[in-house]
Amino acid sequence: MSSRVDAGPLPRAGKGRGRVAILAVAVVVLAAMALDTTVVPIGAQQEKGFSAERYGAEQFPIVRDSVEKRAVEASELAAAVAEDKAAAGERYGVAAGIGPVVPVTFSGVVGEGKAGIYAVDVEGVPEGLTIRVQTGPAINGTDLRDATGDIEFGQFTNQIEYQNAGAAINDEMKEQVLSGIDTDDLSGESVAVTGVFKLINPNNWLVTPVSLSVQ
């Protein structure tokens with residue numbers, strides 16, 4: 001007589017093993033992602049972007065040195081402009097939109113001022129020529145930015161950055177050139193000025209300084 005033992009069906013892999021395998025794979029993936037992730041400190045992204053303040057501090061000394069090197073005495077420049085405005089602008093200035101930006105230097109007595117803009121009586125220039133200098137608090141225009149011809153729109157991400165660059169250079173000029181001067185009461189003072197202006201009206205120059213000293 002024989003006996004048979006029925007072992008029954010073999011056990012199947014339970015759901016627990018599958019879950020363990022899935023979890024293991026997930027851990028490996030997450031570990032790989034962690035190794036490939038760069039931690040960016042708060043504020044680091046902003047530091048990498050365009051900083052107008054930093055740009056102004058870097059560029060104003062370059063602009064100043066270029067203008068001082070190329071500046072033409074007001075009497076000489078006025079004579080050249082009176083003879084041929086276009087030729088004078090091309091010879092002495094840098095093309096910039098509707099008119100060239102021209103470097104000039106002069107000394108004179110400050111007249112009446114309004115909103116930080118003063119007329120200066122300069123000897124040796126035609127009687128019909130008005131020379132004014134802007135001293136703030138608002139410094140208008142982009143003449144300093146455009147003075148060298150080396151700063152161009154294509155160097156910036158957009159028009160806002162380009163405008164901010166000009167404003168920042170103006171601000172740096174105010175800090176370095178005008179901060180130590182009482183610009184609220186310059187009338188009657190003798191000043192020496194070097195700066196730039198956009199040559200549009202040959203009889204009216206609005207100069208943005210790169211250097212200004214009260215004598």
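1. The expected span of a helix is 1.5 Å times one less than its number of residues. In this predicted model, helix H3 covers residues 52-70, which is 19 residues. From its first C-alpha to its last, H3 reaches 26 Å, close to the 27 Å expected.

2. H3 is not straight throughout: a bend of about 30 degrees occurs at Gln59. A proline, Pro61, follows within four residues of the bend.

3. Which residues of H3 are buried? They are Tyr55, Gly56, Gln59, Phe60, Val63, Ser66 and Val67. An α-helix has 3.6 residues a turn, so residues three or four places apart point the same way. The buried residues of H3 pack against three strands and two helices, named here in full: strand E2 (101-114), strand E5 (190-198), strand E6 (204-214), helix H6 (143-146) and helix H7 (159-178). Gln59 thus appears twice in this account, as the site of the bend and as a buried residue.

4. For the overall layout, the protein chain has seven helices and six strands. Read from the N terminus, the order of elements is α-α-α-β-α-α-β-β-β-α-α-β-β. Of contacts between residues at least 6 apart in sequence, 69% join residues at least 24 apart. Buried residues account for 36% of the 215 residues in the chain. The chain exposes about 13,600 Å², and carbon and sulfur atoms supply 53% of that area.

5. Strand E2 pairs with several other strands. With strand E1 (residues 72-73), E2 runs parallel and is joined by two bridges. With E5, the pairing is antiparallel over nine bridges. With strand E3 (residues 117-121), E2 is again antiparallel, and four bridges join the two.

6. Thr105 of E2 has a partner on each of two strands: Glu73 is its bridge partner, and Thr194 in E5 stands opposite Thr105. Further along E2, Gly113 has Tyr118 in E3 as its bridge partner.

7. E2 and E3 form a hairpin with two residues between them. Ala115 is in the loop between these strands. Its phi is near 55 degrees, a positive value in a residue other than glycine. Is Ala115 buried or exposed? Ala115 counts as exposed because its relative accessibility is 67%, and the cut-off for exposed is over 50%.

8. The largest nonpolar core has 46 residues, and Leu77, Phe106, Ile131 and Trp205 touch the most other members. H7 gives the largest share of this core, six residues. In soluble globular proteins, nonpolar side chains tend to be buried together.

9. What does Trp205 touch, leaving out residues up to four places away in sequence? The contacts include Leu77 and Ile131, which are also among the core members with the most contacts to other members. Others on the list are Ala74, Ala78, Val81, Val104, Leu129, Thr130, Arg132, Phe197 and Leu199.

10. Asn170 is found in helix H7. Asn170 is buried because its relative accessible area is 3%, and buried means under 20%. Not counting residues up to four places away in sequence, Asn170 touches Ile139, Asn140, Gly141 and Leu144.

11. A cis peptide bond joins Gly136 and Pro137, with omega of about 15 degrees. Pro137 lies in the loop between strand E4 (130-134) and H6. A reader checking the backbone may look at this bond together with the positive phi of Ala115.

Conventions:
Residues numbered from 1 in each chain as written. Predicted model: local features only at pLDDT ≥ 70, side-chain atom pairs only at ≥ 80, totals over all residues. Heavy atoms only, no water. Bend = angle between axes of the 7 residues up to and from the residue. Buried < 20%, exposed > 50% of the residue type's maximum accessible area, 1.4 Å probe, protein only. Contact = heavy atoms within 4.5 Å. Core = buried A, V, L, I, M, F, W, Y, C linked by side-chain atoms within 4.5 Å. Pairing = 2+ DSSP bridges. Areas by Shrake-Rupley, 256 points an atom, 1.4 Å probe, with all protein chains shown as cover.
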